[in-house]
Amino acid sequence: MGKTILVLGAGTGGIITAKELSKQVGSTAKIILIEKEEKNIFAPSLLWLMVGKRKPNQIFRNSRKISGAGIEVVIGEIEKINPEQITVTVKGQEYKGDYMVISLGVEQVTEHNLNNYGYDFYTIDGATKFNEQLQNFKGGKIVVLVPSLPFKCPAAPYEAVMLIESIIRKKGLNNKTEISLYSPEPGPMGVAGKELSGAVRQMVEMKGIKYYPEHQTTSVTDKLLTFSNEKTVEYNLLAYTPKHQCPSVIKETALFSKSGWIEVNRNTLETKFSNVYAIGDITSIPLEMGRPLPKAGVFAHYQAKTVAHNIAQKVSGMIPDKTFNGEGQCFLELGDGKAGYAGGNFYGSPLPIVKMKKPGYLWHWSKVWFEKYWFFKYF
Ligand SMILES: Cc1cc2nc3c(=O)[nH]c(=O)nc-3n(C[C@H](O)[C@H](O)[C@H](O)COP(=O)(O)OP(=O)(O)OC[C@H]3O[C@@H](n4cnc5c(N)ncnc54)[C@H](O)[C@@H]3O)c2cc1C
């Protein structure tokens, strides 16, 4: 009898896992891809949406379009996961697998009632509404706030302020506008090393953006932010990142670890349950430097390829022989049609080895190309 592979979540990791498996196992296995949202968003484009460079309907496709070639897409919320039995329950129906890949990402929640005062640019709705306010902005104080760690895409808030600055300057409002970024982090993209972190900070500050690291939000009211150092800050327009937590459906299982996420073998992504894998943002992978691997699509992408290959090997009776080695790259939007590009090995010992290429138009267009490629290849 053919094997069944359950893939939980059709985000970056889940889509690539399902598509790679479909290429590699052919008709010898059935792939069931379970996703709760019909709207399948390409998250990097939210940054363009928040500054009016995209319309909402340009940055998502329907999750059902991922189906085909041995992939059955089930739309519905996973209510229960049993890693011992490799079963999941969706809308009361149980699905049983021989293998399971968990790629459910993070649960995004609002803290400090921020939704009453600002815009969550990690959602289509928040990014769209922020842009409406930005287009009508006449000058004042714009704040991008990171209220808590961790957050996915370590570059995103830095890209957001630089894209906003570019729009404000083009509108001729730079003399009437102050743009600031507050974050609890000691510096931008710290896991990538001091040199890269310093370079990103310099890029941000050279644009006249005020950067305030090590600022932990304690409360938010209409027009006023308060931090743990008792500093208070006024604002006129606020964009923020949501609090990220492990999806509740995992918290009820033995997969939930003391890190607050799922622990995996860092090379195979297998959990403590045999044939149950977890990839992407839902995992916590400690690095030698003492901090976890950042949450980013590029890691979910490479981890998905590793896991899909190894499951395909197992399905055909061969030995799994691929490992995820901590490689990752990312684009960094700078505004004015330019971007930077950083990449390297995050499993580097004793520290990750990550370098940045000279920023320019090429990297911005490479990011645009990747967006088009993503929709063309997977939907
Ligand atoms: C503004 C922004 C910009 C970004 N830019 C970049 C970038 O340039 N480069 C980069 O590498 N990364 C970027 N990222 C991060 C990247 O999007 C994530 O790291 C990546 O999507 C993680 O993949 P994943 O498969 O782990 O989770 P996700 O892609 O989040 O997928 C999880 C899926 O599981 C589904 N799900 C969750 N719970 C359930 C349930 N109970 N039942 C059914 N389905 C469920 C969700 O609906 C979702 O579709 C960005 C993120 C944001 C917000």
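**Exercise 1. Find which of the 28 residues around the ligand come nearest, then describe the shell.**

Step 1. Set the ground rules. This is a predicted model, where local features need pLDDT of at least 70, side-chain atom pairs count only at pLDDT 80 or more, and totals for chains, interfaces and linings use all residues. Residues are numbered from 1 along each chain as its sequence is written, and side-chain values use heavy atoms, with hydrogens and water left out.

Step 2. Pick out the neighbours. A residue is near the ligand if one of its heavy atoms lies within 4 Å of it. Gly13, Glu35, Ile78, Ser103 and Val298 come nearest among the 28.

Step 3. Sort the shell by class. Ala, Val, Leu, Ile, Met, Phe, Trp, Tyr, Cys and Pro count as nonpolar; Asp, Glu, Lys and Arg as charged; the others, Gly among them, as polar. The shell has 11 nonpolar, 9 polar and 8 charged residues.

Step 4. Place the shell in the domains. Bounds come from an automatic or database domain assignment. Domain 1 (3-106 + 246-327) and domain 2 (110-244) each give at least three residues to the shell.

**Exercise 2. State which polar backbone atom lies 2.8 Å from a nitrogen atom of the ligand, and add further contacts.**

Step 1. Apply the cut-off. A polar contact is a pair of N or O atoms within 3.5 Å; within protein, one must be able to donate a hydrogen and the other to accept it, and residues adjacent in sequence count only if both atoms are side-chain atoms.

Step 2. Take the nitrogen. The backbone partner belongs to Ile78.

Step 3. Take oxygen atoms of the ligand. A polar side-chain atom of Ser103 sits 2.8 Å from one. A backbone N or O atom of Gly297 is 2.9 Å from an oxygen atom of the ligand.

Step 4. Check the cover. Alone, the ligand exposes 1000 Å², and the protein buries 90% of that (Shrake-Rupley method, 1.4 Å probe; for residues, only the protein chains shown count as cover).

Step 5. Name the elements. Helices (H or I, at least four residues) and strands (E, at least two) are DSSP runs, numbered from the N terminus. Helix H1 (12-25) and helix H7 (297-315) give two or more residues to the shell. H7 gives the most, with 3 residues.

**Exercise 3. Give the volume of the largest cavity and the class make-up of its lining.**

Step 1. Define the space. On a 1 Å grid over the protein atoms alone, a cavity is a set of points where a 1.4 Å probe fits but cannot get out; a pocket is an open set with protein on both sides within 12 Å along at least five of seven lines; lining residues have an atom within 4 Å of a point. Points are joined across faces, edges and corners, and a volume is the space filled by probe spheres set on the points.

Step 2. Count and size. There is 1 cavity of 30 Å³ or more. The largest has about 50 Å³.

Step 3. Read the lining. It includes Gly280, Asp281, Phe299 and Gln303. The classes are 6 nonpolar, 3 polar and 2 charged.

**Exercise 4. Locate the cis peptide bond that ends at Pro150.**

Step 1. Leu149 and Pro150 are joined by it, with omega about -5°.

Step 2. Pro150 falls in the loop between strand S12 (140-145) and helix H4 (156-170).
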